[in-house]
Amino acid sequence: MRQFPAFFNLDGARVVVFGDGEEAARKLRLLVSSPAELVLVGGFVDAALAAEFGTRLTLVRRAEAGAALAGARIAIIAETDVTLRSEALAAVRARGIPVNVVDQPEDCDFTVPSILDRGEIVAAIGSGGAAPVLAKAVRAKLEALLPARIGELAALARSLRVFVSEAIPDKGARRSYWERALTGPAAESAYAGDLERAEALLKSAALATGRAAGVVHIVGAGPGDPELLTLKALRVLQEADVVYYDRLVSPEILGLIRRDAARVPVGKSKGDHSVAQTEIHVRLVASAREGLRVVRLKGGDPFIFGRGGEELEAVQAEGIAVHVVPGISSALGCAASAGIPLTHRDHAQTLTFVTGHAKAGGVPDLDWAALARPAQTVVVFMGVDTAPIIAELLIAAGRDARTPIAVIENGTRADEVRVYGELAELPFLIAEEGITGPALLIIGEVAGLPLSAVQISQFLPPEFSGPSRFEALALEE
């Protein structure tokens, strides 16, 4: 570490900036929201810049720089003229004031980092002047990860420090309280903008005796690509004490869980319900009652054929705080990955999600006549095993046997498989490609839209020499 990061306290401080143009204005924009007294030596040449800062600045002529530097905590030199820059640097050095010289790292005592400002929470990313653009890129990533209201939560915590210290005299216990309180229900309330409830929760937790209250988060992990995980889901995973996860959750996403969190597989597959749904409910409730931060991690979105609603009801019935974090549904993720628009003004004005898995097994109890209507897309979850009967009943209900279909297995993942064809071919295509799931069936004209003559050649056997129906469609358009 070449540079030691530190934060200057600017309460009552004087900060002196040298310059008369845009470079000086950029530095002042970083400081204008601080409580510091700002002094500009030189004065803006551009009237618009002068008007931007108004009375927030004290303007001093260059000849009076010595007096302006008296008692200054830091100085920033943004002079573009070499002579003026050298004179300013000599004046600052003579008084032993820490200085930053814009674009002159060799003359700097400190560099101005890329700053993420969330009020009480401030993050600074520096590169020592080597790559400011890269530092800004890192800041942008942090901005996306940090909740917008995290500064408000920090300010609330500051206001309650005395209260908490009196309620929890033991330093170790107090530290444990803050670690849990600032990542639990109170934090969620603050991030949602309900600071009044957040304060009440923080106070009640500080006053409570015995074990802290637990919380359950039902989290959608998306279709598999870890970059499609929502920011909130990532934060919750990194705060969890225990994670109960489904088999459809990808290893890459499991790798994002906090390292010291317990990981418990509770996934189910055809013919293998190693953990019954009711047992999952019992475990979620029991872990929360131990005071743990519990995550129920489910593939896709927990409220779209994910039984998240059942788990929500079970936890709520026990009086335990529960929150739902939506995920990108596999229907949306797989279709987007394949370039299939699920709705289209020319081809599909209706979109229907159905499950191919019947609750008691056998044939799914669906409105086949409604699903057979034209100009709609039907997306079938868990439909690999029932694909033959699905195709048969749709065609019998009036859906064109030549309706384009797409079968996408392991969508958005590195091992994704896509198969395209027609509705009548659906069972054959699944068997031919050895698709066992997790897979999604997309039925409708939109399933043929991404295919070009070049793309379709990837999915046809080498001996195929005739024209493709999709190629013919492309030529007609």
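Begin by selecting helix 16 (368-371), strand 14 (376-381) and helix 17 (387-396), each of which supplies at least two residues of the lining of the largest cavity. Keep in mind as you look around that this is a predicted model.

With those elements on screen, select the lining itself, which is made up of Val 354, Leu 366, Trp 368, Leu 371, Val 378, Val 380, Ile 390 and Leu 394. If you colour these residues by class, you will find eight nonpolar residues in the lining of the largest cavity, with no polar and no charged ones among them. The space that they line has a volume of about 30 Å³, and the count of cavities of 30 Å³ or more comes to one.

Next, move to helix 10, which you can select as residues 195-207. This helix has 13 residues and reaches 18 Å from its first C-alpha to its last, which is close to the 18 Å expected at 1.5 Å a residue. Show the side chains of Ala 198, Leu 202 and Ala 206, which are buried in helix 10. Now turn the view until you look down the axis of helix 10: its buried residues fall within an arc of 65 degrees, so they line one face of the helix. On the other side of helix 10, select Glu 196 and Leu 207, both of which are exposed.

What do the buried residues of helix 10 pack against? To see the answer, add helix 6 (150-159), helix 7 (161-167), helix 8 (171-181) and helix 9 (185-191) to your selection, since these are the helices that the buried residues of helix 10 pack against.

Conventions:
Residues are numbered from 1 along each chain as its sequence is written. This is a predicted model: local features need pLDDT of at least 70, side-chain atom pairs count only at pLDDT 80 or more; totals for chains, interfaces and linings use all residues. Side-chain values use heavy atoms; hydrogens and water are left out. On a 1 Å grid over the protein atoms alone, a cavity is a set of points where a 1.4 Å probe fits but cannot get out, and a pocket is an open set with protein on both sides within 12 Å along at least five of seven lines; lining residues have an atom within 4 Å of a point. Grid points are joined across faces, edges and corners, and a volume is the space filled by probe spheres set on the points. Helices (H or I, at least four residues) and strands (E, at least two) are DSSP runs, numbered from the N terminus. Ala, Val, Leu, Ile, Met, Phe, Trp, Tyr, Cys and Pro count as nonpolar, Asp, Glu, Lys and Arg as charged, and the others, Gly among them, as polar. The expected span of a helix is 1.5 Å times one less than its number of residues. Buried means under 20% relative accessible area, exposed over 50%, partly exposed in between (1.4 Å probe, protein chains only). The arc is that of the directions from the helix axis to the C-beta atoms. Contact means heavy atoms within 4.5 Å.
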